[in-house]
Structures are given as structure tokens and as C-alpha cells.
Amino acid sequence: MNAVTVTGVHKAFGARTVLDGAEFAVAEGEFVSLIGPSGCGKSTLFGLIAGLDSPDTGAVTVGDRPAAPGRAALMPQKDLLFPWRTVLGNCALGLEVQGVPRGEARARARELFPAFGLAGFEDAAPRQLSGGMRQRAALARTVLQGRKVLLLDEPFGALDSLTRTEMQLWLQQVWQRDRWTVLMITHDVREALLLSDRVLVLTRRPARICHEVTVPLPRPRGLDTLTSPEFVTLEKELVDVLHATGPRSSALPD
Ligand SMILES: Nc1ncnc2c1ncn2[C@@H]1O[C@H](COP(=O)(O)OP(=O)(O)OP(=O)(O)O)[C@@H](O)[C@H]1O
């Protein structure tokens, strides 16, 4: 069974059509990246899969049921850690909102801290964390919600390139251990290829999927993967497709 199925989805906000026939499926345990021009509708698509909004026409299913809040866990672009809660309190928040008693929620969150590189920072305030640690905390909070599907909206977009590479390798490692189904939005072709089983390219707005790349590179992938001939060939293919999707950003007004 597919973990996510998007079928013939159209979505408009007023006169602005954002998605026009978006269609794809993600298998259980698969890591798929979405890449496309700025403003083309990627976050809108995530909102539909997270059940925060509905398509005008078409269907979105998560597992065997229509998308609805609580079926997929969304990690938004900004980490949204509450400054007045400790790191542990922030990570446990999703569980507490689901009604898990506070002590149990915190105990379950605490278990993740070593693998997420946060051990020793349980009682710290979010402002005491580095950018990479904040993103790992936000991801821990997302994972702790216990959903089968994770929607990661540019999780490393704000990080410097060294931290970003470290985080990519770390994410691959925890994903290989736990095999969540992941859909990740990124603007970074190398990040998409390094982490994904498949990369889907969206057109500029109104968006649909215009290209798909399967990434057959063996895992675990490391820094040497980035310079392998297979990787470089796929990178060129994706860059060429992205350039062909249109010269102007979809974020510009109509
Ligand atoms: N709730 C809304 N009401 C009106 N317009 C919206 C709404 N949400 C998104 N849009 C518009 O839909 C378009 C797509 O936005 P979206 O955030 O999905 O793009 P994106 O591909 O995720 O962008 P980026 O790559 O820059 O993050 C934009 O033109 C945006 O202004």
C-alpha cells in the first residue's frame, strides 16, 4: 500500500491557481524529495497532505484514508520552538497535545535525545542551541508524534553549508534505522539526490509534477558519493530540468 497518494489535485486561492493536476504516490518507507521553483506550490501541497486544507478537485490519501489532521506529521520551514519551554518540553509538546500525560511524553522524548545529538540539553532553552541542534529538536518533535509519514519543509534551508551536510548525513543515518516514510521539500539538488530514493520536480505555478528521477545509489551515501560519476550525471539531469521549468520565479505576481 502507498503511504501517500495524490491524484489529479487542483488547488486555487481566489483567482490564483497553485496546483494544476498534481499527481504522485509515495511507498511506505520511501524517502522522496520535491523540488521546484520558489512559490510554485510545494508548501500548499504539504498542507493538503497534512490535512490542513482540502483540494478543490482530486484526492489526497495518507495510508488507506483521506488526508486529515494527525495522519502525517509536518515539520514547517521555521522550527517554531517555543522560547519559554525547555528543549525537552518543546520536543514532548506534540505528544502532550495528543493527550499523553506530561511525564510520559517527556520520558518518551528523552529517549530520542542521544540519537538526535541533544543529550545534556534537555533543560536548555531553545536559544542556547545551535541552528543544527534546533532543527534536530524540531525533527524530534515531529518524529515523536508517531505518524507514519513525515513532511519536512526545507528542514535545513537556514543552515550554513557545513552544518547542512552534517545534518544530511545524520538524517540519512536515523532514517535508515527507523525507515519513516519521508517527503521532503528542498531547493538543493545535491541534498535531494544525497537523501532520496526518488526526486520529483514540479513545474512553476500552477504546479504539477513534470519530471521524476530515481536515485539508485547504494546507501549509506557519504561525502564521496557527491563526486561519484553516477551522482554527477543525476545532478546534471536535475539541474537541466529545473532550468527548463522556466526562467522566472513563481513567487512573482501574475
Ligand atoms: N492561504 C493562502 N492564500 C492565498 N494564497 C496562498 C495561500 N497559501 C499559498 N498561497 C500562494 O500560493 C502560491 C504557492 O505558495 P507555496 O507556499 O505553496 O509555494 P512554495 O513552492 O512552497 O514556495 P517556496 O519555495 O518559496 O517556499 C504562492 O503564490 C502563495 O502566495
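A residue is counted as near the ligand if its C-beta atom, placed from the backbone, lies within 6 Å of it. In this predicted model, twelve residues surround the ligand, and of these F13, S38, K42, S43 and T44 come nearest. Two elements, β2 (16-27) and α1 (42-49), give two or more residues each to the shell around the ligand, and α1 makes the largest contribution, with three residues. Sorted by class, the shell around the ligand comprises five polar, four nonpolar and three charged residues.

The domain assignment divides the chain into domain 1, which takes in residues 1-71 + 148-254, and domain 2, which covers residues 81-146. The centres of domain 1 and domain 2, taken over C-alpha atoms, are separated by 25 Å. Nine residues from domain 1 and seven residues from domain 2 take part in the contact between them. On the side of domain 1 that touches domain 2, the largest share, four residues, is supplied by helix α5 (residues 161-178). That side of domain 1 is made up, by class, of seven nonpolar residues, one polar residue and one charged residue.

The largest nonpolar core holds 69 residues, among which I49, A140, L150, L151 and V199 touch the most other members. Helix α4 (residues 131-144) gives the most to this core, with seven residues, and the core draws at least three residues from each of domain 1 and domain 2. For L150, when neighbours within four places in sequence are left aside, the residues in contact are A73, M75, T142, V143, W180, T181 and V182.

Strand β9 (residues 198-202) is largely enclosed by the rest of the structure, because four of its five residues are buried, a residue being buried if 20 or more other C-beta atoms lie within 10 Å of its own. Strand β3 (residues 31-35) runs parallel to β9 and is joined to β9 by four bridges, with R198 of β9 serving as the bridge partner of V32. Strand β10 (residues 209-214), by contrast, pairs with β9 in the antiparallel sense, over five bridges, and E212 in β10 is the bridge partner of L200. β9 and β10 together form a hairpin, in which six residues lie between the two strands.

How values were computed:
Residues numbered from 1 in each chain as written. Predicted model: local features only at pLDDT ≥ 70, side-chain atom pairs only at ≥ 80, totals over all residues. Buried ≥ 20, exposed ≤ 12 C-beta atoms within 10 Å, placed from the backbone. Pairing = 2+ DSSP bridges. Domains from an automatic or database assignment. Contact = placed C-beta atoms within 7 Å. Nonpolar A, V, L, I, M, F, W, Y, C, P; charged D, E, K, R; others polar. Core = buried A, V, L, I, M, F, W, Y, C linked by C-beta atoms within 7 Å.
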